[in-house]
Amino acid sequence: MTITPESVKQLLYSDNFGDRIKGINELKKLESAVAFSLIQPILKDDNVRVRYAAVSQLDSIGDANREESLELLLDTLYNDPEADVRAAAADAIAGLKLQEAFPDLKKVYQETNDWLIQFSIIAALGELGHPEGFDILSEALAGDNSLLQTTAISALGELGDKRAIDLLLPFVNNEDWQIRHRLAQALGKLGGDKAQEILQKLSQDELDIVAQEAKTYLA
């Protein structure tokens, strides 16, 4: 069956939420400007799964109108009643590299107690690439939430600020192998002599998966 704007619109306005999700998935097969116009009303759908799918889809079609995408995603980030939909908005902001949203991501991160939203914003900051994200990631790294620490390690690697290397050094002997594994990946991305020294240590890790990961980044 040929996918057309009309066929997708019919799915998006179906009473069946499964059809609506199918329609959202089919949007990527349409011209981005057409898909963008069709998705906008669905961002306010009554069904949380539909809203989540629609917000996530903006990552791929939002380039059709970046200014309007920013407005829509910020509205969701601040106002959607469900944490996972707000978290998806943070992901999409990062995917579209909407760096002008950094102050909003920072504000929401500092004001929310919801771990899922905090997690998504920390993960987003690496991909977003805004240099001021370094301070928030440093905070998360110094906290006591191991999930946020692990995510911050990865995000610091993506961000590429070599100041992170000194902050990451204490994690070489962390008891959580997943943190050590992420550490090897982050240091490999950051590069430089100091990172190579730490990778040498990690290449001797007691756990083979960590040691092998470190070895892949050694010059």
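The legends below accompany an overall view and several close-ups of a predicted model.

**Figure 1. The whole chain, an all-helical protein with 14 helices and zero strands.**
Starting at the N terminus, the order of elements reads α-α-α-α-α-α-α-α-α-α-α-α-α-α. The C-alpha trace extends about 60 × 40 × 25 Å along its principal axes. Of the 219 residues, 49% count as buried, and the protein exposes about 11,000 Å², with carbon and sulfur atoms supplying 46% of that area. Among contacts between residues at least 6 apart in sequence, 59% join residues at least 24 apart. The chain carries 21 positive and 37 negative charges, and the mean positions of these two sets lie 2 Å apart.

**Figure 2. The largest nonpolar core, built from 71 residues.**
Here we look at the residues with the most contacts inside the core: Leu-73, Ile-93, Leu-168, Leu-187 and Leu-202. Helix H6, residues 83–95, gives the most to this core, with eight residues. In soluble globular proteins, nonpolar side chains tend to be buried together. Take a moment with Ile-93: beyond residues up to four places away in sequence, Ile-93 touches Leu-73, Leu-74 and Leu-77, and also Leu-98, Ala-101, Leu-105 and Leu-128.

**Figure 3. Helix H9, largely enclosed by the rest of the structure.**
H9 covers residues 133–142, and the helix is described as largely enclosed because seven of its 10 residues are buried. Those buried residues are Gly-133, Phe-134, Ile-136, Leu-137, Ser-138, Ala-140 and Leu-141. Around them, the packing partners are helix H7 (102–111), helix H8 (115–128), helix H10 (146–159) and helix H11 (164–168).

**Figure 4. Val-85, a buried residue of helix H6.**
Val-85 sits in helix H6 and has a relative accessibility of 0%, so it counts as buried. With neighbours within four places in sequence left aside, Val-85 is in contact with Val-48, Arg-51, Tyr-52 and Val-55, and also with Thr-76 and Asp-80. For a sense of how the chain comes back on itself here, compare Val-85 with Val-50: they are 35 residues apart in sequence, yet their C-alpha atoms are 9.6 Å apart in space.

**Figure 5. Lys-97, a non-glycine residue with a positive phi.**
Moving on along the chain, we reach Lys-97 in the loop between H6 and H7. Its phi is near 55 degrees. Where the view shows its surface, Lys-97 is partly exposed, with a relative accessible area of 42%.

**Figure 6. Gln-57, a buried glutamine whose side chain meets a backbone oxygen.**
Gln-57 belongs to helix H4, residues 48–61. At 7% relative accessibility, Gln-57 falls under the 20% limit and therefore counts as buried. A polar atom of the Gln-57 side chain lies 2.9 Å from the backbone oxygen of Ile-24. Ile-24 is also one of the contacts of Gln-57 when neighbours within four places in sequence are left aside; the others are Asn-25, Lys-28 and Ile-39.

**Figure 7. Lys-162, a loop lysine that reaches the backbone of Leu-190.**
You will find Lys-162 in the loop between H10 and H11. At 48% relative accessibility, Lys-162 counts as partly exposed. Its side chain reaches the backbone oxygen of Leu-190 at 2.2 Å. Lys-162 and Leu-190 are 28 residues apart in sequence, while their C-alpha atoms are 6.1 Å apart in space. Beyond residues up to four places away in sequence, Lys-162 touches Leu-190 together with Gly-191 and Gly-192.

**Figure 8. Ser-203, a buried serine in the loop between H13 and H14.**
The last close-up turns to the loop that links helix H13 (193–202) with helix H14 (208–217), where Ser-203 lies. Ser-203 has a relative accessibility of 5%, so it counts as buried. Its side chain makes a polar contact with the side chain of Gln-204, at 3.3 Å. With residues up to four places away in sequence not counted, Ser-203 touches Ala-211, Ala-214, Lys-215 and Leu-218.

Technical notes
Residues are numbered from 1 along each chain as its sequence is written. This is a predicted model: local features need pLDDT of at least 70, side-chain atom pairs count only at pLDDT 80 or more; totals for chains, interfaces and linings use all residues. Side-chain values use heavy atoms; hydrogens and water are left out. Helices (H or I, at least four residues) and strands (E, at least two) are DSSP runs, numbered from the N terminus. Buried means under 20% relative accessible area, exposed over 50%, partly exposed in between (1.4 Å probe, protein chains only). Contact means heavy atoms within 4.5 Å. Accessible areas come from the Shrake-Rupley method with a 1.4 Å probe; for residues, only the protein chains shown count as cover. Lys and Arg count as positive and Asp and Glu as negative; His and the chain ends are not counted. The place of a charge is taken as NZ of Lys, CZ of Arg, CG of Asp or CD of Glu. A nonpolar core is a set of buried Ala, Val, Leu, Ile, Met, Phe, Trp, Tyr and Cys residues joined through side-chain atoms within 4.5 Å. A polar contact is a pair of N or O atoms within 3.5 Å; within protein, one must be able to donate a hydrogen and the other to accept it, and residues adjacent in sequence count only if both atoms are side-chain atoms.
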